[in-house]
Amino acid sequence: MVLRALRQAGLGGHDFEEAADGSEALTMIEAKPFDLVLCDWNMPTMDGPTLLEEIGKRNLEIPFCFITTEATSEMRRQASEAGAKAFVTKPFTADDLQDALGAWID
């Protein structure tokens with residue numbers, strides 16, 4: 001669903017990789033550079049906020065966006081304070097993704 005929406009938003013000319021959980025994502029991010037991380041809030045092994053924290057601890061500068069069904073004001077505040085550049089709430093449209101991610105992916 002996310003990949004289809006990314007393509008519809010005009011972002012299909014990029015390579016995308018998917019991780020099964022936060023721990024796998026961190027391993028992938030440490031292994032090679034990525035232009036952007038799109039992450040759910042709740043994941044097995046390591047949740048999204050913890051992944052963002054671990055990326056920061058490693059001084060890996062990469063734009064980070066949450067795409068999640070939950071969107072409380074506290075979650076948005078926590079994400080912003082932790083360094084997330086965008087927060088997209090499911091369900092979303094291709095236009096929502098373009099608006100949120102356009103600054104990081106052209």
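These are my notebook entries on the largest pocket and on one helix pair.

**Entry 1: the model.** I am working from a predicted model. Every value below is computed from it.

**Entry 2: the largest pocket.** I looked up its volume first. The largest pocket comes out at about 890 Å³. I then asked which residues lie nearest its centre. They are Glu17, Glu18, Ala19, Val37 and Leu38, out of 29 lining residues.

**Entry 3: who lines it.** I sorted the lining by element. Three elements give two or more residues each: α1 (2–11), α2 (22–31) and β1 (37–39). Which of them gives the most? I found α2 at the top, with four residues.

**Entry 4: lining chemistry.** I split the lining of the largest pocket by class. I noted 19 nonpolar residues, eight charged and two polar.

**Entry 5: α2 against α3.** Since α2 had come up in the pocket, I checked its packing on helix α3, residues 48–57. At what angle do α2 and α3 pack? The angle is about 25°, and the axes are 10 Å apart. Angles under 35 degrees count as roughly parallel, so I logged α2 as roughly parallel to α3. I also looked up the handedness of the crossing. The crossing of α2 and α3 is right-handed.

**Entry 6: the contact.** I listed the residues on each side. From α2 I have Gly22, Ala25, Leu26 and Ile29. From α3 I have Leu51, Glu54 and Ile55. By class, this contact holds five nonpolar residues, one polar and one charged. Gly22 counts as the polar one, because Gly falls in that class. Glu54 is the charged one, because Glu is classed as charged.

Notes:
Residues are numbered from 1 along each chain as its sequence is written. This is a predicted model: local features need pLDDT of at least 70, side-chain atom pairs count only at pLDDT 80 or more; totals for chains, interfaces and linings use all residues. Side-chain values use heavy atoms; hydrogens and water are left out. On a 1 Å grid over the protein atoms alone, a cavity is a set of points where a 1.4 Å probe fits but cannot get out, and a pocket is an open set with protein on both sides within 12 Å along at least five of seven lines; lining residues have an atom within 4 Å of a point. Grid points are joined across faces, edges and corners, and a volume is the space filled by probe spheres set on the points. Axes are lines fitted to C-alpha atoms, for helices over the stretch in contact, and angles run from 0 to 180 degrees between N-to-C directions. Angles under 35 degrees count as roughly parallel, over 145 as roughly antiparallel, 65 to 115 as roughly perpendicular and the rest as oblique. A crossing is left-handed if the near helix is turned anticlockwise from the far one by less than a right angle, and right-handed if clockwise. Contact means heavy atoms within 4.5 Å.
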